[in-house]
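Biologist: I'm new to reading structures and get lost when I try to take in everything at once. Please pick one small spot, look at it closely with me, and then work outwards from there.

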Amino acid sequence: MELEKELGDRRRKRSIQVVFIVFMGLLIFFTLFSNTLQSLTLPKVRTEKLVNGSLLFTLEGNGMVQPFVETRLSNPAGWKVQTILVKEGDRVKKGQKLIIYDSKSAERELENEITNLDKQKVELQNVQDQFILSTTEGDEFKIRAASRNIETRKLDLGMQERKINELRDRLTSQQEMNAPFDGIINKLNAIEGVITAGEPDVLISNSSLGYRLDISVDSTILSSLGISIGEKIEVKVHTVAERDQQQIRMIDGTIDEVANTQPRTQSTSVEEAGPTQTIAQKTLRIKVIDSDLRGGEKAEFKLEKRSNQEGLVISNAAIHQDRDGLFVYKIDEQRGALGNIFVTHKVRIQSSETNGKETMIKAESLYKDDLIIMESSEPLQEGNRVRF
């Protein structure tokens with residue numbers, strides 16, 4: 001009897017142990033299951049680690065290659081164009097004839113003035129004869145009058161000779177248009193048989209001084225990159241070869257000037273026409289020298305360079321803004337009995353510079369390798385639990 005009683009007690013204890021173990025197992029299971037279900041309802045986030053470094057800026061632009069120095073050659077005499085000896089795109093040498101003008105009217109004017117000079121010489125001889133006649137008569141009054149008349153005629157002769165010399169110089173200098181230096185004919189406005197009105201007859205560039213490419217860029221980018229005069233930059237130029245085939249050539253350029261220009265405006269909201277901000281601009285003038293350039297070619301450049309500053313860098317997608325300024329959501333990891341939980345923490349930041357994709361930020365409570373929320377399946381607030 002005692003043995004049966006002892007066996008019965010053992011079976012009850014074993015049953016109680018089994019029931020207790022099953023109960024605890026079910027309790028743990030349902031606890032974990034409920035936590036899992038609860039975690040599935042939490043906002044899912046994508047994060048990025050804060051890194052310490054500099055921003056990579058891309059400076060690029062395109063435009064037309066223009067002569068560095070271009071001279072406008074006009075027809076000051078206003079004569080008709082007789083013969084054009086060059087065409088647009090021609091390379092010319094200093095002193096080379098470009099245009100011959102019709103100077104017939106000026107030549108006739110010169111002939112008329114020479115005839116007037118001969119007449120004045122004949123009149124002077126007549127006055128000299130009167131002076132001789134006055135001296136023989138001994139009339140002092142007539143002698144003085146004749147003497148003054150001779151001096152006047154001589155002054156008129158001198159004036160007429162200077163006028164003739166000026167007309168000859170004008171014919172010599174204005175009958176032809178010559179190249180003032182070695183260069184390229186960029187544009188011809190002259191038309192044979194016509195007097196050019198308003199525009200210069202010829203636009204010629206000095207090829208020895210090179211060409212320029214002017215590009216407008218944001219002042220902040222130039223400041224961040226530390227771009228300075230004299231810096232080398234590679235320019236891609238689209239040139240026209242034989243049979244009008246396009247060729248791409250890489251030409252070394254030099255930053256020759258950084259000048260202020262008109263600022264541009266940009267809307268702060270992409271979706272709606274909201275407030276606009278003014279962005280300061282600079283004109284970057286790149287000088288290129290190449291014997292095959294003629295001006296008017298399409299050109300472009302792309303320069304990638306890291307900023308001089310270093311700091312905490314984060315993608316722009318992680319930055320938010322409210323009425324109090326900029327902020328990011330940082331993830332704080334908290335330990336719990338059933339595992340770690342992740343909670344959002346709103347951190348105010350200051351932006352020092354941005355390249356359009358990433359921003360260098362400053363914040364007292366942010367450090368390298370901190371997890372920053374890039375995007376979330378639901379709107380977030382301070383203290384929200386999240387899942388990865």
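Modeller: Let's start at a single pair of residues: Val92 stands opposite Gly183, which belongs to strand S10. Before going on, keep in mind that this is a predicted model.

That pair is part of how two strands meet. Strand S7 and strand S10, which covers residues 183–188, pair in the antiparallel sense over two bridges. Zoom out one step and you'll find an open sheet of four strands, with antiparallel pairing and the order S5-S11-S10-S7. Which strands stand at its edges? They are S5 (70–73) and S7 (91–92), and each has a single partner strand, so one side of each is left without a neighbour in the sheet.

Now follow the chain to Ser103, which is in the loop between strand S8 (97–101) and helix H2. Is Ser103 buried or exposed? With a relative accessible area of 2%, Ser103 is buried, because anything under 20% counts that way. Not counting residues up to four places away in sequence, Ser103 touches Trp79, Leu171 and Gln175.

One of those partners, Leu171, takes us to helix H3, where it is among the buried residues. Others buried in H3 include Ile143, Ala146, Ile150, Leu157 and Ile164. What do the buried residues of H3 pack against? They pack against helix H2, residues 104–137. H3 also gives you a nice check to try yourself. The helix has 35 residues, 140–174, and at 1.5 Å a residue it should span 51 Å; its end C-alpha atoms are 51 Å apart, which agrees.

Next, back to strands. Strand S4 (residues 66–67) and strand S12 (residues 211–218) pair in the antiparallel sense over two bridges. In that pairing, Pro67 has Tyr211 in S12 as its bridge partner. S12 is also joined to strand S15 by eight bridges, and S12 and S15 run antiparallel. Here Ser216 stands opposite Thr283 in S15.

Thr283 is worth a pause. It is found in strand S15, which runs over residues 276–288. Thr283 counts as buried, because its relative accessibility is 18% and the limit is 20%. Leaving aside neighbours within four places in sequence, Thr283 is in contact with Asp214, Ile215 and Ser216, and also with Glu257, Val258, Ala259 and Thr261.

Asp256 is found in strand S14, residues 246–267. Asp256 is partly exposed, with a relative accessible area of 33%. Which residues does Asp256 contact, leaving aside its neighbours within four places in sequence? They are Phe68, Ile229, Arg285 and Lys287. Two of these partners, Phe68 and Lys287, have an arrangement of their own: the charged end of Lys287 sits over the ring of Phe68, 5.0 Å from its centre. Asp256 and Lys232, meanwhile, are 24 residues apart in sequence and 9.6 Å apart in space, going from C-alpha to C-alpha.

A charge over a ring turns up again elsewhere: Lys346 lies over the face of Phe327, at 4.3 Å from the ring centre. Phe327 also takes part in the one aromatic pair that the structure holds. Phe327 and Tyr329 form that pair, which is edge-to-face, with 5.4 Å centre to centre and 80° between the planes. Phe327 and Tyr329 are both buried.

One more oddity before we step back. Asp369 isn't a glycine, although it has a positive phi of about 75°. It is found in the loop between strand S22 (358–362) and strand S23 (371–376). Asp369 is partly exposed, with a relative accessible area of 44%.

Finally, the whole picture. The protein has four helices and 24 strands, and 31% of its 388 residues count as buried. Among contacts between residues at least 6 apart in sequence, 73% join residues at least 24 apart. How far can you trust what you see? The average pLDDT is 82, and 86% of the residues score at least 70. Over residues 269–273, though, pLDDT stays under 50, and the model has two contacts for them beyond four places in sequence. Where pLDDT is low, the predicted coordinates should not be read in detail.

Notes: Residues numbered from 1 in each chain as written. Predicted model: local features only at pLDDT ≥ 70, side-chain atom pairs only at ≥ 80, totals over all residues. Heavy atoms only, no water. Buried < 20%, exposed > 50% of the residue type's maximum accessible area, 1.4 Å probe, protein only. Contact = heavy atoms within 4.5 Å. pLDDT = per-residue confidence, 0-100. Phe/Tyr/Trp six-rings, centres within 6.5 Å; stacked < 30°, edge-to-face > 60°. Lys NZ or Arg CZ within 6 Å of the ring centre and 35° of its normal. Expected span 1.5 Å × (residues − 1). Pairing = 2+ DSSP bridges.
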